[in-house]
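This report describes selected features of one protein model. Look over the sequence and the structure below before reading on.

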Amino acid sequence: MNRKNCRTVRVACSLLIVVLAAGACGRKAENAVGARTATTTANASGTAVEILTPDTGAVLKGNVAMLDLKITGMSVVAADGDTSGKSGHIHAFIDREPVAVGSAIPKEPGIVHSVDDPLLLTGLSAGKHSIVVVLGDGTHTRVGDAEDRITVTVAGPTVDATAPASVAAGAPVRIDFKATGMQIVKADGDTSGTTGHFHVFVDKPLPAVDAPIPKLDDGSVIHTAESFVEIPNLAAGEHHFFVVMGDGTHSPVDPMVADKVTVKVG
């Protein structure tokens, strides 16, 4: 083979090597992008929520459902504006279907926003209820399609509390309540659970069922056998009220009978 032909062969081989190398690099880059996409998809689908207890079909005495949850793939924190999907909080839909993925989760009856585990659902009426738990981000937007759902039957007794969503600054907050399955009487020492009266906790958590309900001079715990209370002189802002049934010794009825309302003042 003469020198001219050898040079032609060497050039052709060099071009072939360049083409093969470029193809290999292209496949490597394509595979890298594919790997990143697969990882992102895996992370997004790794978020999950599970209701450990109660079991679907359970019959609950009282009217408070305590849901023991397992959340994976997300840190549970109060709403803080984070939209990364790495943190968020719990939303329970009671007797209604959850909003679509990416939709805002409203604050309204039948939807509970919480960071608590166990999650307490108060104010359930007697009868069968469906409960669906989903996750939302720091702006109350539903994150991912992870959900779990159960159906429970509430046996009662029950209490139902109602109040306006908002009142003008300086106006008293009126809370009306109605109990079923219990006779409302003043404290008389009866511990049978068939009689009792109302206790209103103003901006305080639910009490423990194994401790008497205190009488406080600051008005933050109200004892009454009436069907409503009016609470004056509340500061501007959002206030939370638990209405808890207590027996004749001022101890919470066990299992608990309670409801919750939220009112914005001002």
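How do the residues of the lining of the second largest pocket divide into nonpolar, polar and charged? The division is eleven nonpolar, no polar and one charged. The model is a predicted one.

## The second largest pocket

This pocket has a volume of about 260 Å³. Its lining consists of Pro54, Leu60, Lys61, Val64, Ala65, Met66, Leu120, Leu206, Pro207, Val209, Pro255 and Met256. At least two lining residues come from each of strand E2 (59-61) and strand E3 (65-72).

Two of the lining residues can be described further. Pro54 sits in the loop between strand E1 (48-53) and E2, and the peptide bond that leads to Pro54 from Thr53 is cis, with omega near 0°. Met256 belongs to the loop between E17 and E18. Met256 counts as buried because its relative accessibility is 11%, and buried means under 20%. The C-alpha atom of Met256 is 7.7 Å from that of Val244, and the two residues are twelve apart along the chain.

## The largest pocket

Rolling a probe the size of a water molecule over the atoms shows where empty space is left. The largest pocket holds about 1,400 Å³ of space. It is lined by 41 residues, and those closest to its centre are Ile111, Val112, His113, Lys260 and Thr262. Two or more lining residues come from each of strand E5 (87-94), strand E6 (111-114), strand E7 (119-121), strand E10 (158-162), strand E17 (237-246) and strand E18 (258-265).

E18 gives the largest share of this lining, six residues. Sorted by class, the lining of the largest pocket has 20 nonpolar, twelve polar and nine charged residues.

## Strands E12 and E16

Strand E12 (residues 173-180) pairs with E16 in the antiparallel sense, over four bridges. In strand E16 (residues 228-231) the side chains alternate. Val229 and Ile231 point to one face and are buried, while Phe228 and Glu230 point to the other face and are not buried.

Arg174 has a place in this picture twice. Arg174 stands opposite Glu230 in E16, and Arg174 also lies over the face of Phe228, at 3.8 Å from the ring centre.

## An aromatic pair

A pair of aromatic rings is described by the distance of the centres and the angle of the planes. How many aromatic pairs does a search of the whole structure find? The search finds one. The pair is formed by Phe177 and Phe198, with 4.5 Å from centre to centre and 35° between the planes, and it is tilted.

Phe177 is in strand E12 and Phe198 in strand E14 (residues 195-202), so the pair links distant parts of the chain, 21 residues apart. Both Phe177 and Phe198 are buried.

## Backbone exceptions

Most residues other than glycine have a negative phi, and most peptide bonds are trans. Besides the bond before Pro54, which is cis, a cis peptide bond joins Gly156 and Pro157, with omega about 0°. Pro157 is in the loop between strand E9 (142-156) and E10.

Two residues have a positive phi without being glycine. His140, in the loop between strand E8 (127-136) and E9, has a phi of about 65°. Asp203, in the loop between E14 and strand E15 (221-224), has a phi near 55°. Is Asp203 buried or partly exposed? With a relative accessible area of 40%, Asp203 is partly exposed.

Key. Residues numbered from 1 in each chain as written. Predicted model: local features only at pLDDT ≥ 70, side-chain atom pairs only at ≥ 80, totals over all residues. Heavy atoms only, no water. 1 Å grid on protein atoms, 1.4 Å probe; cavity = no way out; pocket = protein on both sides within 12 Å on 5 of 7 lines; lining within 4 Å. Points joined across faces, edges and corners; volume = space filled by probe spheres on them. Nonpolar A, V, L, I, M, F, W, Y, C, P; charged D, E, K, R; others polar. Buried < 20%, exposed > 50% of the residue type's maximum accessible area, 1.4 Å probe, protein only. Pairing = 2+ DSSP bridges. Phe/Tyr/Trp six-rings, centres within 6.5 Å; stacked < 30°, edge-to-face > 60°. Lys NZ or Arg CZ within 6 Å of the ring centre and 35° of its normal.
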